[in-house]
Amino acid sequence: MVDYALGEQETKFANLIWDNAPINSTELVKLAADVMKWKKSTTYTMLRRLCEREIFRNENATVSVILTRDAFYGNQSRKYVEDTFSGSLPKFLASFIGGKELSEKQADELVSLINSHKRGG
């Protein structure tokens, strides 16, 4: 499984792109200067890294999304469950709930989610 973990600054920059994509790379440089106080070279270095990781694409001076924010965080979550709980979703849920009570609505939502993802269902 690909490691999609990002550092703090990479995450802020990725969120900036997700919030504004597609965006002209020159406009992204200006936005990163305003929001993150980065120089042009820093922006392009970080953008290149994220493009190499196939999260974004920079073609014809337009930065676009390859991996959506939801898909990215879904991949991070799956990697965490794999690394921490040997891929066991039930172990993860048991740890996450940690003895807390679920509301009726939360329990119903979980049951519905599980049923919608069952094999053959």
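Arg 48 and Glu 52 form a salt bridge through their side chains, with an N to O distance of 3.3 Å; the term denotes a side-chain nitrogen of Lys or Arg within 4 Å of a carboxyl oxygen of Asp or Glu. Both residues belong to helix α3, four residues apart, about one turn of the helix. Helices (H or I, at least four residues) and strands (E, at least two) are DSSP runs, numbered from the N terminus.

The model is predicted: local features need pLDDT of at least 70 and side-chain atom pairs count only at pLDDT 80 or more, while totals for chains, interfaces and linings use all residues. Residues are numbered from 1 along each chain as its sequence is written, and side-chain values use heavy atoms, with hydrogens and water left out.

**Salt bridges**

The structure holds seven salt bridges, including the three tabulated here.

| Pair | N to O distance |
|---|---|
| Arg 48 and Glu 52 | 3.3 Å |
| Glu 10 and Arg 53 | 3.5 Å |
| Glu 27 and Lys 30 | 3.5 Å |

The pair Glu 10 and Arg 53 links distant parts of the chain, 43 residues apart: Glu 10 lies in helix α1 and Arg 53 in the loop between α3 and β2. Glu 10 counts as buried at 14% relative accessibility, whereas Arg 53 is partly exposed at 27%. Here buried means under 20% relative accessible area, exposed over 50%, and partly exposed in between (1.4 Å probe, protein chains only). Glu 27 and Lys 30 both lie in helix α2, three residues apart; Glu 27 is partly exposed at 41%, as is Lys 30 at 46%. In the α3 pair, Arg 48 is partly exposed at 42% and Glu 52 is exposed at 54%.

**Nonpolar core**

The largest nonpolar core (buried Ala, Val, Leu, Ile, Met, Phe, Trp, Tyr and Cys residues joined through side-chain atoms within 4.5 Å) has 19 residues, and Phe 13, Ile 17, Leu 28, Leu 50, Ile 55, Phe 56 and Val 63 touch the most other members. Helices α1 (8-20), α2 (25-36) and α3 (40-52) each give two or more residues to this core. The largest share, five residues, comes from α1. Beyond four places in sequence, Phe 56 has contacts (heavy atoms within 4.5 Å) with residues including Ile 17, Trp 18, Leu 50 and Val 63.

**Strands**

Strand β2 (residues 56-59) pairs with β3 in the antiparallel sense over four bridges; pairing requires that DSSP find at least two bridges. Arg 57 stands opposite Ser 64 in β3. The hairpin of β2 and β3 has two residues between the strands, and Asn 60 takes a positive phi near 50° there. Strand β1 (residues 23-24) also runs antiparallel to β3 (residues 62-65), joined by two bridges, with Ile 23 partnered by Val 63.
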